[in-house]
Number of protein chains: 2
Amino acid sequence: MTDAIAQLIARAGEQLGAKAVIADPRDIEPWVTDWRGRVHGATRAIFAPASTEDVATVVKLAAEHRVPLVPQGGNTGMSAGATPPADGSAILLSMRRMNRIRSIGAQDRLAVAEAGVVLATLHDAAHEIGMRFPLTLGARGSCTIGGLTSTNAGGTQVLKFGTMRSLVAGLEAVLPDGSIHNGLSGLKKDNRGYSIDQLLIGAEGTLGVVTAVALRLVPAVAARAVAWAGVESPASALDLLRFIEARTGTVEGFELVPHDSLNLVLKHVPGTRAPLGKAHPWHVLVEAATADPQHDILGELETLLGAALDQGIITDAVIASSEVQADAFWKLRDSISEAERAEGQTLAHDISVAVADMPRFLVDASGEVERAFPGVVASGFGHLGDGNIHFHVRAGSHAAPDWYEREGAEITRFVDALVTAAGGSISAEHGIGQLKRAEFARLADPARVHALRAIKQALDPLGIMNPGKLVP
Amino acid sequence: MTDAIAQLIARAGEQLGAKAVIADPRDIEPWVTDWRGRVHGATRAIFAPASTEDVATVVKLAAEHRVPLVPQGGNTGMSAGATPPADGSAILLSMRRMNRIRSIGAQDRLAVAEAGVVLATLHDAAHEIGMRFPLTLGARGSCTIGGLTSTNAGGTQVLKFGTMRSLVAGLEAVLPDGSIHNGLSGLKKDNRGYSIDQLLIGAEGTLGVVTAVALRLVPAVAARAVAWAGVESPASALDLLRFIEARTGTVEGFELVPHDSLNLVLKHVPGTRAPLGKAHPWHVLVEAATADPQHDILGELETLLGAALDQGIITDAVIASSEVQADAFWKLRDSISEAERAEGQTLAHDISVAVADMPRFLVDASGEVERAFPGVVASGFGHLGDGNIHFHVRAGSHAAPDWYEREGAEITRFVDALVTAAGGSISAEHGIGQLKRAEFARLADPARVHALRAIKQALDPLGIMNPGKLVP
């Protein structure tokens, strides 16, 4: 094995040039641990091709030498899908040098971005032409288009615009045999058989390497309105969403925040303050936006929240009076994970159930977890309108320092079983990667596992594309 | 083979009941020829299961006896994908008895319809709850949800709502090994590996049998405005679309109609009349719609067309003053194929190129075809905003009665080569089925063919699901 890797590294250097092969351990080190710092991998080299043809060359060489490749973008994944195995048996394939926006246009509302383009860079490029790429998430300054596509990333605007799956108009990829799939033609309609594009979205690099993506753009935001509302329960929060959605199509973000999450943020994150005067058991952050400068989005949201207050759906609400205040509201939401880490050990679960079922699931599951594991605090926050909650379980104040290691897996199995029994998903947006693979194998429908394995085996018979990830 | 089929029919009768096995040749005959009457197949029996479990039983039996199944919905496909082979070696699997709408709701904006539900029935059911399923096409009174899903159908509202691929929230299917894939959970976010749902959309029954589909609904139309405009060229027509799209999001339909197509309709279809006083080389039908009763959709479209006229983008326009007149405008568009058939022999091509490229492609390709095959008339009409044109070549008035049989294949090869050279698709919305399989094999990218074959072989190793269709 070692010889094969050494030979592969040498041949890649010959064919791609020295710049494309990173072998200095100091340059490798920052990229072999996952973003959360949980999984530590190793690799003898990072290949960093600068073109699709070079990626094809790398994949053919890897196939020839039977050395697996682990594709990586910004290394911001939540399930260690881009972290190489610890035994050094694979080569890390960094896509960051492929960072060109090949084209971007307001008329056809499309951008073609290479895999290594950072999300924030695409945001800026779209903004410059009066357009917008409407997917965004916390890691926007580091995560790449290839990684977002390969993990079918979500984020905070999914409610209106969907996940990456909805925003990808086509893609280019190198398949495991080194052939290049070109789906960048920009065809809006094309019924020539199975969608290879859709198959590669969310495949976590196990069926090939995404090299470039055609992405849908929407008109730039002319104005937004951000509100913070207090509600009695998650059910009331969902009622509020339905109430607003029946009256306007402008809601883009709808985030549920429980009382105790807000309190942790106020306690641990400097410069934060509660938007409402009184305490409420649950909160909702609502963001509405419009591309039409004539549209009085602030007035519209104010009227709707007033009506919701009159009808008893919410107990209080405030609309941000400035962009600074709007950002402050979002900061409360975005700081929850950070505040929880500051408070103590936290076990995160990225789960989904059907939207209508989430309010009851959230209340019931929190109770069941807290009863089954006395001392822990269970709560959920996040994308209620997508049925996707980050269900976190925190160690109680008396927990042992090794609570996470000792009890984490058991609690996660408990939560995942509840989710599965409710017909939900144990991975709403973070993917399977390495971290959720055992749970996926344990709980997945056998028909699904069989189909995934058959497809993986069919397209990657040598097992060189990110083995040990995703497929149970 | 014959024995295997007889055994399969007997066992299906035992296990599913007599009602599920149709063996009378008079009952079989209407279903073994494709909708256009071009391809004549044969089968010893039609199986008509009434439940997903019964479909699973049929598929397991078919696998056991190695007898292929040809799934069929309303038999309205354009590429003979649901027509059995002429040698009687396959059993037709009719999904029409699975015709229940399992659930439909305005709050979650979802309908779960079984494969055999007729599109018009779903339209009515959505209408009853103040909602709408926004995909529609000519065969709406016969085509079924399963067929629409398996062919990734398009139609006239794709511009705003996309094809079936965009409207399917999840699906249930029986895979070739008889296992049941359940994707009906209604999860908006689920990142547990490759999307089996997306793989089955547009797979034409070659990877399994779609048994039920969760479909996205949108609010019902409160008002629509339909206009007919004259333009100088397809380029002007696209300019008009861009002009309108930059100012409103209400356009749902945008259909290009050439002068000579309109003339044929006026000549052959009783009760039709030209919307505009003078002749124009090209026409556009524009439909705008809103779900908001306060929105003055008629006034908005009138203002926009007035501005487009002032700017010289269009040469004339009229807005339908009543629903009757709006329907009359649509009838002009919808009658083109019928009028062409009345005029003489016509060769149809359902093609797409990138939207921005279509105006020039249409003009250039028409010229090239007419030069290469003297006497023919080439013209394109349809979904300009999707880059999808029905490019029809008509026999000239002096053509021989067997022109279609003698010259059709050669002309189609010529057109398909032009489309392929332009980076387009030889099947924008009609699929590959049997009729386009040879051309697909001839022109497809080898990487794509390899991937399709590998997936087919992986999921259907016995080749029992609609063999001889789609996959080259």
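Two strands count as paired if DSSP finds at least two bridges between them. The exercises below apply this to a predicted model.

**Exercise 1.** How many bridges join strand S6 of chain A to strand S10 of chain A, and in which direction do the two run?

Solution. Step one: take S6 as residues 110–114 and S10 as residues 209–216 of chain A. Step two: count the bridges between them, which gives 5. The pairing rule asks for at least two, so S6 and S10 of chain A pair. Step three: the two strands run antiparallel. As a single example, A:Ala111 has A:Leu215, in S10(A), as its bridge partner.

**Exercise 2.** Place S6 and S10 of chain A in their sheet and state which strands lie at its edges.

Solution. Step one: the sheet is open and has 5 strands, in the order S5-S6-S10-S8-S9 (chain A), with antiparallel pairing. Step two: strand S5 (101–105) and strand S9 (180–182) of chain A each pair on one side only, which makes them the edge strands. Step three: from one strand to the next, the twist averages 15 degrees. Step four: add helix H4 (residues 119–128) of chain A, which packs on the sheet and touches S5, S6 and S10 of chain A. The direction of H4 makes about 35 degrees with that of S5(A).

**Exercise 3.** Describe the interface of chain A and chain B by area, by contacts and by composition.

Solution. Step one, area: the two chains bury about 5,200 Å² between them, with 56% of it on carbon and sulfur atoms. A:Lys189, A:Asn191 and A:Tyr194 supply 21% of the area that chain A buries against chain B, more than any other three residues. Step two, contacts: 69 residues of chain A are in contact with 69 residues of chain B. The rule finds 6 salt bridges across the interface and 34 residue pairs in polar contact. Step three, elements: those giving two or more residues to the side of chain A that touches chain B include S9, an edge strand of the sheet in Exercise 2. Helix H17 (446–459) of chain A is also among them, and H17(A) gives the most, with 10 residues. Step four, composition: this side of chain A has 26 nonpolar, 28 polar and 15 charged residues.

**Exercise 4.** Why does the pair B:Lys188 and A:Asp386 count as a salt bridge?

Solution. Step one: the closest N and O atoms of the pair are 3.6 Å apart. Step two: the cut-off is 4 Å, so the pair qualifies.

Note on methods. Residues numbered from 1 in each chain as written. Chains lettered and ligands numbered in written order. Predicted model: local features only at pLDDT ≥ 70, side-chain atom pairs only at ≥ 80, totals over all residues. Heavy atoms only, no water. Helix = DSSP H or I, 4+ residues; strand = E, 2+ residues; numbered from the N terminus. Axes fitted to C-alpha atoms, helices over the stretch in contact; angles between N-to-C directions. Contact = heavy atoms within 4.5 Å. Buried area = accessible area lost by both parts, 1.4 Å probe. Salt bridge = Lys/Arg side-chain N within 4 Å of Asp/Glu carboxyl O. Polar contact = N/O pair within 3.5 Å; in protein donor to acceptor, adjacent residues only side chain to side chain. Nonpolar A, V, L, I, M, F, W, Y, C, P; charged D, E, K, R; others polar.
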